[in-house]
Amino acid sequence: MSETYPTLTRSLVNKPVKTEKIIQFGTGAFLKGFINDIFQQLNDQGLYDGGLVAVKLRPGNARQIEQINRQDGLFTLNVRGVDNGKLVDHYRVIDVQNRALSPYDDLDGFMALADNPELEWIVSNTTEAGICFDEQQQFSDAPALGFPAKLTQLLYRRYQTFNGDSGKGVTVLCCELIENNAQVLLGYLKQYAQLWQLDTEFEHWLSQHCYFHNTLVDRIVTGRPPEPRMAEITQAVNYLDAELIETESYYQWVIETNGRAEVLSKLFAKSAGLNVILTDDLTSYRQRKVRILNGAHTGCVALAQLLDIETVYQATQTPIIKQFLQRLVFDEIVPTINQPQAEVTAYAQAIIERFENPFLFHAWQSIALNSISKWSARLLPTLQDGVADRGKPSTGIATSLAALLLLYGAQPKTPAQGPQDAPEIITKFQAAFQTQPVESFVVQILADKTLWGQDLTAIPGLAETVTEIVGRLQQQGVETYLQLL
């Protein structure tokens, strides 16, 4: 195939490089299929004129950066699925991304991003585990490992380069699925500024001249499709694209205006036809989306992996998982959402329909990344509301937690079945699982505040319920357990 088709580059499709005005923290498929697509549409409609540079979040895998840059930042976005009852299947070259870099391999290049006078926006998606504070990180680290620490280094460099110029602040849009994501991030930046004893005026510059907006993102981006589909697309577009990704047609971006509605509405003009919602308070949007869509994903991921189910669509076609999914969503999650139940139920039904999109290859393995922090953010609040209402843990959510503990603790049959998380977290689970009886293993893990942000054994009945379910999953097997459930 490589002998027949040229590689996608700017010269091949005549796409000039745009002035870099956006830094994107994250090089994964979601940001490409969401942030890149939205800014691409703004560029195409003449409402904006800017390019972005993507920054790698973790060390290693230099090949990813090389591949992005080999294609001059370009990639093909295949929007595929059913929209208003009609089949949607079209391709577009996304050219808003100019390049990518890794701070671990090109520290000077990364820090030089702060010196760009045209820089306006910073967007991030570091998953729920990414926005955290670690007092062990130092200003002298080259670079700091964590995202907030790394961003503090970068913004302090900008503050120094432009002598605290009020006009050189940036707007930060967070896409992580934690509550008040941008405000939490700003708080950590200030903590690092104090810990590292940076110029006291720097904190003032951050607070007064940089703008941190909480946002909520919603789109199912599945990434690279399987090889048979890739071959089909390559033939259709007549070039090779190793960066091609697939996504559903639906998307929504809710942004809290934080007093800047006029500024944001100029960029995200209603005339653009984008599904971008500007609001004073995104709380209701967040609770509904995170609990239902993201909660359903995280609630089913361990069970699906333990059953060797590869994709979300396949799970919806597997009766025992489909029934579990419906129980989890409609019986346990929907009732905890303090909004008109008819609207919430309709929203949940639409989510299930999106899961049943047969055209997307949405792998559970990609959903599984950082499942421990995701479970805490997406399902723990629902569990706690249920306990407050009924006095005991709901069975479906407890099952999701038990399956997660079993997935992380037991040695997987294959790497594809294993957890996708920080090595120290996986080691902690497996060491406890292999050296203790089930009850002690469950209690030790649930009591670990570093994993969950709190001691889960304090939740009435949770440790006992999870211990019982882990035992049943081991003795009966996942399939039999779900059938009996």
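**Two sheets, an exposed loop residue and a cavity**

Asp 280 is exposed, because its relative accessible area of 69% lies over the 50% cut-off for that class. The model described here is a predicted one. Asp 280 belongs to the loop that links strand E13 with helix H10 (283-306). Its C-alpha lies 24 Å from the C-alpha of Gln 41, and the two residues are 239 positions apart in the sequence.

The strand just named, E13, leads into a sheet. This sheet is open and has three strands in the order E9-E12-E13, and the pairing is mixed. Strand E9 (215-218) and strand E13 (276-279) form its edges, each pairing on one side only. From one strand to the next, the twist averages 10°. Four bridges hold E9 to strand E12 (residues 252-256), and this pair is antiparallel. Within that pair, Thr 215 is set opposite Ile 255 of E12.

There is also an open sheet of six strands, with the order E5-E2-E1-E6-E7-E8 and parallel pairing. Strand E5 (97-101) and strand E8 (211-213) are at its edges; each has a single partner strand, so one side of each has no neighbour in the sheet. Here the twist from one strand to the next averages 20°.

Strand E1 is a useful place to look inside this six-stranded sheet. How many of the six residues of strand E1 (residues 20-25) are buried? Six of the six are, so the strand is largely enclosed by the rest of the structure. Buried here means a relative accessible area under 20%. In a regular strand, side chains alternate between the two faces of the sheet.

E1 has partners on both sides in the strand order, E2 and E6. With strand E2 (residues 51-55), E1 runs parallel and is joined by five bridges. The chain gets from E1 to E2 by way of helix H2 (residues 29-44), and this β-α-β crossover is right-handed. Two positions help to locate the pairing: Ile 23 has Val 53 of E2 as its bridge partner, and Phe 25 stands opposite Val 55 of E2. With strand E6 (residues 121-124), E1 forms a parallel pair over four bridges. In that pair, Ile 22 faces Trp 121 of E6.

The remaining topic is empty space within the model. Rolling a probe the size of a water molecule over the atoms shows where such space is left. Five cavities of 30 Å³ or more are found in the structure. The largest cavity contains about 50 Å³ of space.

Which residues line the largest cavity? They are Ile 220, Val 312, Tyr 313, Arg 354, Phe 355, Asn 357, Leu 360 and His 362. Helix H11 (312-316) and helix H13 (341-355) each contribute at least two residues to this lining. By class, the lining comprises five nonpolar residues, two polar and one charged.

Notes. Residues are numbered from 1 along each chain as its sequence is written. This is a predicted model: local features need pLDDT of at least 70, side-chain atom pairs count only at pLDDT 80 or more; totals for chains, interfaces and linings use all residues. Side-chain values use heavy atoms; hydrogens and water are left out. On a 1 Å grid over the protein atoms alone, a cavity is a set of points where a 1.4 Å probe fits but cannot get out, and a pocket is an open set with protein on both sides within 12 Å along at least five of seven lines; lining residues have an atom within 4 Å of a point. Grid points are joined across faces, edges and corners, and a volume is the space filled by probe spheres set on the points. Ala, Val, Leu, Ile, Met, Phe, Trp, Tyr, Cys and Pro count as nonpolar, Asp, Glu, Lys and Arg as charged, and the others, Gly among them, as polar. Buried means under 20% relative accessible area, exposed over 50%, partly exposed in between (1.4 Å probe, protein chains only). Two strands pair if DSSP finds at least two bridges between them. A crossover is right-handed if, with the strands pointing away from the viewer, the path from the first strand over the helix to the second runs clockwise. Axes are lines fitted to C-alpha atoms, for helices over the stretch in contact, and angles run from 0 to 180 degrees between N-to-C directions.
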